[in-house]
Structure formats: structure tokens, C-alpha cells
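Work through the exercises below with the model open beside you. Try each task before you read its solution.

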Amino acid sequence: MRYLPLTQHDREAMLSVVGAGSIDDLFVDVPEAAQLDGPVHGLPDHASELAVERHMTALARKNTVAGEVPFFLGCGAYKHHVPASVDHLIQRGEFLTAYTPYQPEIAQGTLQMLFEFQTQVARLLGTDVANASMYDGSTACWEAIGMARRITKRGKAILSSGLHPHYVSVAKTMAKFTGDVLESAAPTLSAETDVADLIARIDADTSCVVVQYPDILGRIADLSELATACQAKKALLIAVVTEPVALGAIKSPGEMGADIVVGEGQSLGVGLQFGGPYVGLFGCKDKYVRQMPGRLCGETVDADGRRGFVLTLSTREQHIRREKATSNICTNSGLCALAFSIHMTLLGEKGLRGLAMVNHTKAVAAAERLAQVPGVELVTDRFFNEFTLKLPTEARPVVRTLAERGVLAGVSLGRLYPDADELKNGLVVAVTEVVTDEDVEALATALQEVLA
Amino acid sequence: MNAINQSGWKPQMNAREGGAPMTSTGNKALMLEEALIFEIGSDETCGVDLPEVDAAASRLGDLARERPIGLPGLSEPEAVRHYTRLSRQNYAIDLGLFPLGSCTMKHNPRLNEKMARLPGFADVHPLAPVDSIQGALEVIHQLAHWLVTLTGMHSVAMSPKAGAHGELCGILAIKAALEACGESGRKVILVPESAHGTNPATAAFAGFTVEDIPATPEGRVDLAALTARLGPDVAGVMITNPNTCGLFERDMKAISDAVHEAGGFVYCDGANFNAIVGRVRPGDLGIDAMHINLHKTFSTPHGGGGPGSGPVVFSEALAPYAPLPFVEKHGDHFVLVEEETARQEQHGSSFGRMVAFHGQMGMFTRALTYILSHGADGLRQVAEDAVLNANYVLRRLEDVLDAPFGGSGPCMHEALFSDEGLAEGFTTLDVAKGLIDEGYHPMTMYFPLVVHGAMLVEPTETESKAALDQFIDALRSVAERAKAGDASLKSAPHFAPRARLDETLAARKPVLVWKEQPLAEAAE
């Protein structure tokens with residue numbers, strides 16, 4: 001077996017050193033009834049690299065590759081071009097095969113990268129600080145709700161109807177066990193977000209208001225008044241960003257007054273990967289840092305006075321605090337954070353803002369083109385790179401038919417909200433820099449034919 | 001462009017090296033200092049060329065960004081150099097033995113990486129119509145089949161994002177099952193003192209009260225004490241097997257039977273599954289739920305702290321409560337069971353969704369590649385070699401380091417030592433830092449908590465005998481210095497990119513984001 005260096009001769013020599021007659025002697029503590037007498041039945045034996053590659057390639061070929069067709073899916077996962085150097089660098093063995101940096105003297109590479117990542121994320125989200133990553137946006141979102149409960153000592157969270165329905169589901173699952181009360185609703189197919197309604201609902205029991213920006217339909221709304229209203233009632237405003245590239249073009253939630261800003265960082269560096277692994281972004285105001293979940297990297301000095309970095313404030317974490325920890329999270333998403341950070345460094349201020357404008361410009365042009373398809377109506381008026389169309393018929397079968405024709409048209413709201421009849425004609429379309437004019441034309445033409 | 005660590009290096013730092021010549025850069029040949037991107041990048045630099053677009057009317061309204069973000073950019077050559085230089089300040093499996101107990105730092109096969117990057121896996125959207133992603137669902141289904149078969153369990157939830165998330169999945173299923181049968185009065189989860197910190201944190205998050213289970217002098221769960229504590233208030237136990245002392249819980253089946261008899265459930269922390277994969281099926285030990293760290297047993301890379309992946313296998317009793325979504329095979333067709341279909345198809349008792357989308361697909365492709373490479377025979381050999389390597393380390397070092405459970409029989413995949421016998425004032429930390437100078441990542445320190453100054457060594461099966469012999473000699477020499485009171489060990493490491501770092505300062509005055517005024521200068 002190519003990954004096992006011990007030879008039979010080594011094994012025999014080592015067994016004799018440890019005083020065992022056979023390998024079975026080392027498993028004497030396993031009760032006989034639980035011992036398998038040979039390899040697990042019903043599974044194949046080892047295979048060569050070539051054979052495995054053939055097997056996996058055959059499976060991969062059964063999927064429609066986003067980059068090979070006109071592609072318009074978003075709703076929490078976006079296809080962006082990732083520079084070749086990103087994937088090359090994250091495959092450096094010193095990053096790829098390192099562990100969590102618990103021994104900082106020999107992990108400064110990971111630690112400095114995390115410190116840079118935290119700074120980039122905090123600046124992007126407009127928060128004072130950010131942590132070293134969470135699993136993904138949805139888990140970062142419910143961790144933020146839990147954090148708001150600890151800070152405000154209140155148990156009711158108001159979720160905007162524009163929050164990604166998977167994020168709502170995750171929060172509801174957790175709330176069943178933590179006892180938080182969650183108020184949520186499906187969105188309406190209109191240009192208006194529910195910010196005014198959210199403001200009206202904040203009361204003395206509200207721990208937090210959770211609002212997605214841009215929201216699930218692609219809409220963007222000013223959060224400043226909502227932030228002020230939260231502050232007045234001593235509730236926290238949690239903003240959720242599932243498309244971080246947007247923040248190159250629009251104001252950050254932090255600068256509009258959000259207390260905690262979480263996000264999905266997949267757009268930068270990570271790729272679609274059928275939903276994971278992704279990277280959760282988590283930022284907040286300085287005063288809440290000791291209630292944050294997850295790992296934090298901090299600057300310090302070594303015994304010789306040189307600058308260095310360490311994991312810090314670990315008294316919040318499970319390996320120190322055990323049952324009193326702020327979260328049970330241990331492994332996070334370090335390598336995806338690295339990919340995010342490298343992509344962000346390659347872009348820089350100029351590149352991110354430029355990329356955001358390319359996305360927005362292409363999306364506006366696509367929205368206008370698609371709205372010309374007979375019977376199709378553009379629902380969203382203020383948006384970044386994702387918008388919602390109202391079709392004259394149910395969108396879900398249309399999406400399936402278009403997929404059969406080789407066009408991945410977007411995400412139907414019927415898929416996301418199977419119970420909401422009034423949303424079933426809705427189609428959410430994302431347009432990033434990878435979409436060409438020909439792709440838009442292909443979608444418009446195919447849509448027109450399918451709807452005719 | 002200046003690549004010197006501007007805030008850090010000062011000429012007098014070389015003084016302790018007894019006359020070694022100073023360098024003006026702070027670099028020492030191949031040991032290179034590297035500044036932060038905020039010190040070397042600029043707002044105007046960009047390493048990406050963007051497509052040209054015709055200007056169009058904005059749809060951003062008054063939300064258009066006005067303030068700068070503050071993101072420095074680097075050109076591609078600068079970026080490649082920055083991250084390459086940073087990478088060289090890391091220790092990694094690719095460089096040498098990484099004996100971090102309980103972490104299973106085994107070789108990460110590169111075929112896994114290649115397969116995960118096939119466009120058919122890497123460039124597929126999670127919400128694409130299911131007919132267009134049948135291959136992705138088939139990967140999940142095949143991996144699920146392997147995991148269920150290897151563990152002898154009933155079913156598996158694939159979506160948890162890491163081990164701790166898997167623990168949460170298992171504990172939530174237990175809670176849902178108890179509620180479903182009107183047993184929500186059971187509020188106590190019993191956890192051995194030797195457990196990973198995530199166990200009590202998880203149980204507490206789910207609203208349980210955590211109580212310790214005592215251990216026997218030989219390092220195993222005290223069955224009599226456990227049985228005595230069981231009762232109508234106990235929801236279940238969380239037990240790591242093999243345990244964190246590196247021992248197989250001989251009484252596991254008896255523990256499970258007793259817990260079931262008392263109306264509770266058994267959660268097994270599967271972090272140490274590598275020791276028994278292919279030799280023991282947890283399902284035969286009465287386990288109700290167990291997470292499997294794909295990033296440990298099944299070789300997906302740790303990546304400097306993730307991403308992981310923590311599928312959870314379930315017994316028949318807990319299976320109905322497993323989270324959404326999951327993949328089912330209907331004839332030749334793979335179906336993704338989400339909220340909608342779950343209701344239609346009588347999966348209504350699922351406790352709900354834990355993540356957006358479907359879990360760590362990128363880790364599934366890697367783990368399946370690894371599993372297919374080894375096959376059933378190879379995986380059994382993995383466990384045997386992992387256990388043999390650990391016993392070899394234990395027996396070859398127990399004359400110089402105290403092995404508190406060395407008399408409890410063979411160890412499993414990891415060897416546990418204590419700080420007993422080190423010279424006055426010398427600690428496990430000193431041994432660990434001394435090992436760094438010898439070119440090794442240290443073992444897990446001060447865990448498990450049940451052993452004073454614990455040193456937990458897990459070599460894994462991907463080390464050769466020659467590599468083990470070298471490591472054993474290195475650890476022996478450091479241990480002997482610690483026993484002899486060699487003062488130079490107190491200031492180790494001497495040859496790493498940094499000397500010991502001031503963690504107290506970092507926690508007392510947290511600097512978590514870069515600021516213009518570097519800490520080292522500000523402190524003067």
C-alpha cells in the first residue's frame with residue numbers, strides 16, 4: 001500500500017521490541033466479540049492511483065460544470081474567477097499540511113496570515129475586529145445570534161424575511177435547543193425590503209435583529225435607521241453578507257452601525273465546491289470581543305522582543321473553558337481563510353472595487369436584457385450582482401428545462417420556499433465577472449423559447 | 001519594496017548567540033523575515049487584471065461606497081513571494097513527523113487534492129438542479145456507504161462541518177429522540193474527565209448539565225461508578241474510544257448496555273477512530289452516535305486549522321432524528337432530501353438543518369479517494385500500523401519518560417507520558433520547545449487533563465521505522481536534558497523563526513487587527 005511505509009520486516013522487528021507475538025496482541029483490550037477477523041466484508045480492497053482516478057473522474061463527469069455553460073446561480077454561493085496563484089499557494093505543504101497553530105514558534109506563517117485575514121475582514125465588514133474564521137456563513141449567523149443573547153441577556157431574535165432560508169433553518173434548529181425565540185417570515189416578491197417592518201417590531205425582549213445585505217432576492221437597503229432603532233431598544237443589529245464582493249461597491253454594514261457582521265467568504269478564493277468547505281466571516285465591535293466565538297490571532301512579542309503572533313483570548317474557547325465556552329467550535333476553516341486572504345491581497349483596494357463595479361455593471365445590463373423577455377418582470381430595483389425576476393409561470397420547472405438545454409438559469413424561489421405559493425414565479429439570477437454577453441443572450445433566448 | 005519585518009528585528013537580538021554575525025535584514029540565510037501586507041502593499045497595486053466593461057447606470061442608489069476600505073494590494077510576483085515566505089515559517093507533515101496526540105496528523109495523499117479539483121466536483125453549485133449534479137450526490141452516497149459499513153452503524157449524517165459540529169449533531173439527535181419519547185426531563189450528560197474540551201462545551205450548548213465520570217487508576221472509565229450514577233435524569237454519556245489516554249475502553253459494550261438499560265444514549269467521540277478502523281466496528285459496541293473526523297482518520301488536510309468534516313453515524317434508534325439534508329438512492333437516481341421532500345417522505349422527525357447546503361463536499365471527494373485507495377484491507381492495515389507505531393514509541397521511551405498507564409497493557413494509536421521525573425522547575429512545555437529545536441513539532445501538551453504535564457504522542461501509520469527511530473532519539477535526548485536540568489532548555493526554542501512568544505501580553509492587550517503603530521515600538 002503506497003501510503004504505508006512499514007515493511008513486513010519492520011513490523012516483525014517492532015513487534016519484538018514491544019514484546020508482542022503478533023499484531024493481535026496489541027488489540028487484546030478489544031473484547032473478542034467485537035474483533036473482526038479480517039477486512040470488513042462487502043467492501044473492495046485497495047486500488048492503484050490510476051484506478052481511483054478513473055473511478056472519481058467518471059463520477060465528476062456526471063455533473064454539469066458551472067464554467068462550461070451559461071451560469072447564473074447565486075443565493076449564497078457565487079462563481080468568481082479565482083487567480084491561479086491562489087490555488088497554487090494554498091497547496092504549499094507548509095500551509096496545507098500544518099495543524100492549528102498551537103506551537104506559535106513554528107507556525108508564524110499561519111498566524112501572520114490569520115492576522116492579515118482578520119484585518120482584511122474587519123476592514124471589509126466595517127467592524128473593529130474579526131475572528132480567524134468560522135465554518136461558513138450559516139453557522140457564523142447562528143453563532144452571532146447566540147452571542148447577542150449572551151450580551152443582551154434577552155432571548156428573542158427577529159430575522160429579516162430577506163435572510164437566506166438555509167440560514168433561517170440553521171438558526172431555527174439551534175433555537176429549538178437553546179430556547180431562543182426566533183421570529184421569521186418568507187419574503188415578498190417586491191422591490192421593498194422589510195427594514196421598516198423590522199424597526200417597528202423591535203421591543204424590550206429583542207436580543208437582535210438579523211438582516212441580510214444584499215438580501216436573498218438581491219435587494220440592498222440602508223441599515224442606518226435600523227441600527228439606530230436597535231440601539232434605542234438596546235438590541236444588537238446583526239448583518240449577514242453572503243456576497244463579500246458587494247462590499248467593494250456598497251457601504252459596509254459596520255459603517256451603517258451594525259454591531260456584529262457575519263458573512264460567507266466563499267466568493268473570494270474558495271470556489272463553489274458543491275457547497276463546502278466554505279469560510280465563515282465574523283466581525284464585531286471591540287467591546288464585544290470577549291463574547292466572540294472561534295479562534296482569534298493576536299500580535300505579541302517573543303522573548304527577544306521580535307514581533308510575532310499567537311492564538312489569544314482562548315479563555316473563551318472550549319479547550320480551556322470546556323462547558324463554559326462561548327462556542328464548541330474547534331477546527332475552523334483555516335485553509336479557506338488563506339485562500340480568501342490571498343485573493344483579497346491580489347485584488348487590493350483597487351482590484352476589489354474594480355471587480356465589484358464589473359459585477360454590478362454586468363448585472364445591470366443582464367437585468368435590463370432579461371426584463372425584455374415577454375412576460376418577465378424585474379422585481380428588484382436596487383441590487384448589486386444578483387436580482388429577482390418574476391416569470392409569467394412557475395420558475396422551478398423552467399429552471400429544470402433550461403438546465404436540460406445547458407443553461408443554468410438561476411435559483412427558483414420555489415426551490416428555496418416550497419411552501420410560499422406567492423413566490424413560486426420568482427427566479428433569482430446572479431451575474432458575476434465570469435458571465436459574458438453571449439451567456440446573457442443565451443439565457444434570454446432560451447428563456448423566451450421556454451416561456452413561449 | 002522592503003521585505004524586512006520592520007517592527008520586529010533589532011540588532012542586539014543576536015547577542016545571545018555568542019558572537020554569531022548579525023545581518024542587517026534580520027534574515028538568517030534561508031530563514032526569512034516577512035513584513036505584513038499592510039506594510040508592503042499599496043492601495044494602487046493590483047495583482048488581477050479585470051475585464052473591461054462599458055459604464056452603465058448604477059442601481060446602487062445612495063448605498064454606493066464612498067469611504068476607502070483600506071485593503072493593500074500586491075502584484076502576483078509579490079503575492080507569491082509573500083505567501084511562500086510565510087509558508088516557510090510553518091512546520092507541517094510534509095516536513096516531518098507531527099506527533100500531535102488526538103489529532104492524527106498523517107500524510108495527506110496528493111491524489112486526494114487532484115481529485116477534489118476536478119471541475120466536476122470543484123466547479124459545481126450547491127443549488128444546481130439535482131439532475132445536473134448526479135455525480136456529486138453519488139460521491140456523497142458512496143462515502144456514506146463506506147462510513148456506515150466500516151462502523152457497523154445504521155445510517156450517517158454527512159453535513160456536519162467538523163468534529164465539534166458532529167458532536168453537536170449527535171447530541172441534538174439524542175435530545176430530539178428523548179423529547180420524542182417524552183423523556184425531556186433527562187438533563188445530565190456524563191463525560192469522562194479525560195474528554196476533549198469540545199465534549200462538555202457541546203453538551204452544555206445543547207442545554208445539558210455536564211457531570212464527570214471518574215476514571216480507574218489504569219486510565220479507563222470506572223464502570224461501577226458510571227453505572228451507579230445512571231438514572232432517570234441521565235440523557236446519556238459521551239465517551240471517547242479509544243480514549244484520550246490512548247487506551248481501548250474494554251468495558252465499552254457493558255457501558256452501552258448499562259446506559260441503554262437506564263434509558264440513555266451513548267455518544268462516542270470518534271476522533272480516535274484511526275486506531276480501530278477495519279478492526280472494530282463501533283456498532284458492535286452499542287454506540288448510538290459517533291462523529292468521524294474525515295480530517296483525521298481519512299487524511300483530508302488540516303490546512304492550518306481546517307476545514308474539517310465531521311459526518312455522524314447513527315444507530316437505528318437515533319437515525320430518524322438525523323439532520324437534513326441527506327442523499328438517497330431511488331433506483332438509478334440520487335435524490336437530495338431537503339426540508340420539502342423530508343416532509344413528503346416521512347422524515348418528519350429530523351431535528352432540522354445544521355448548515356447551508358450539504359456539507360463539506362471538498363472533503364468528501366478527498367476522503368472517498370483515500371478510502372478507495374486503501375480499500376477494506378488497506379484500512380485495516382492503517383489501524384494496525386498506527387497502533388504498532390505508537391506502541392513502539394511507548395516501549396522505547398518508557399525508560400526515560402514516565403508512562404503513567406504503561407502497565408495498563410498495550411496502548412492504541414497514541415502513547416501517553418507525564419512530566420514525572422523531570423528536574424525541579426522543568427516542565428512539559430520545556431520538553432516540547434526543546435523538541436522544536438530538534439526539528440519536530442511537539443506532541444500534544446497538557447492533555448488529557450487527568451495526567452500531570454501530559455505529553456500525548458500519536459505518530460500515525462504513515463511514519464517509517466527509520467523516521468520513528470530518529471524521533472525517539474530526539475525525544476530521548478530532550479527528556480534527558482530536562483531530567484538533568486539543562487538550563488538551555490528553558491529558553492528553547494533557539495533555532496525557530498521565533499523564540500517563546502509572550503501569550504500573556506497578547507491576552508492582556510489584545511491587538512487583533514493591524515494598526516499603524518506596531519506593538520513592539522509602542523511598548524518602548
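## Exercise 1: Two annotated spans

Task: state how far apart the end C-alpha atoms of residues 182-303 of chain B lie, and how much of the span is helix and strand.

Solution. The end C-alpha atoms of residues 182-303 of chain B are 43 Å apart. The span is 20% helix and 20% strand. Helices (H or I, at least four residues) and strands (E, at least two) are DSSP runs, numbered from the N terminus. UniProt, in an unreviewed entry, lists this span for "domain: Aminotransferase class V". UniProt positions follow the numbering used here, feature names are shortened, and annotations may be inferred rather than shown by experiment.

Now take chain A. For residues 1-446, an unreviewed UniProt entry gives "domain: Glycine cleavage system P-protein N-terminal". That stretch of chain A is 37% helix and 13% strand. Its end C-alpha atoms lie 51 Å apart.

Two notes on conventions. Residues are numbered from 1 along each chain as its sequence is written, and chains are lettered from A and ligands numbered from 1 in the order in which they are written. This is a predicted model, where local features need pLDDT of at least 70 and side-chain atom pairs count only at pLDDT 80 or more, while totals for chains, interfaces and linings use all residues.

## Exercise 2: Confidence

Task: find which stretches of chain B have pLDDT under 50.

Solution. Start with the average. Chain B averages a pLDDT (the predictor's confidence in each residue, from 0 to 100) of 92. In chain B, 93% of the residues score at least 70. Next, look at the low stretches. Residues 1-7 of chain B stay under 50, and the model has 23 contacts for them beyond four places in sequence. Residues 9-16 of chain B are also below 50, with 11 contacts beyond near neighbours in sequence. Where pLDDT is low, the predicted coordinates should not be read in detail. For the complex, the predictor gives an ipTM of 0.97 and a pTM of 0.96.

## Exercise 3: Where the chains meet

Task: count the residues of chain B in contact with chain A, and name the helix of chain B with the largest share.

Solution. Two residues are in contact if their C-beta atoms, placed from the backbone, lie within 7 Å. By this test, 188 residues of chain B touch 170 residues of chain A. Helix H11 (residues 361-397) of chain B supplies the largest share of the chain B side, 22 residues. That side divides into 97 nonpolar, 54 polar and 37 charged residues. Here Ala, Val, Leu, Ile, Met, Phe, Trp, Tyr, Cys and Pro count as nonpolar, Asp, Glu, Lys and Arg as charged, and the others, Gly among them, as polar.

## Exercise 4: Domains of chain A

Task: describe the contact between domain 1 and domain 2 of chain A.

Solution. First fix the bounds, which come from an automatic or database domain assignment. Domain 1 of chain A is 67-81 + 349-451, and domain 2 is 84-343. Their C-alpha centres are 27 Å apart. In the contact, 31 residues of domain 1 of chain A meet 26 residues of domain 2 of chain A. On the domain 1 side, H11(A) gives the most, with 7 residues. By class, that side has 16 nonpolar, 8 polar and 7 charged residues.

## Exercise 5: Unusual backbone

Task: say which residues the cis peptide bonds join, and where B:Phe357 is placed.

Solution. Most residues other than glycine have a negative phi, and most peptide bonds are trans. One cis bond joins A:Gly276 and A:Pro277, with omega about 0°. A:Pro277 lies in the loop between strand E6 (260-264) and strand E7 (280-284) of chain A. Another cis bond joins B:Leu324 and B:Pro325, with omega about -5°.

Now check phi. A:Gln273 is not a glycine, yet its phi is positive, about 45°. A:Gln273 counts as buried because 28 C-beta neighbours lie inside 10 Å. A residue is buried if 20 or more other C-beta atoms lie within 10 Å of its own, exposed if 12 or fewer, and partly exposed in between, with C-beta atoms placed from the backbone. B:Phe357 also has a positive phi, about 65°. B:Phe357 sits in the loop between helix H10 (339-344) and H11 of chain B. With 25 C-beta neighbours inside 10 Å, B:Phe357 is buried.
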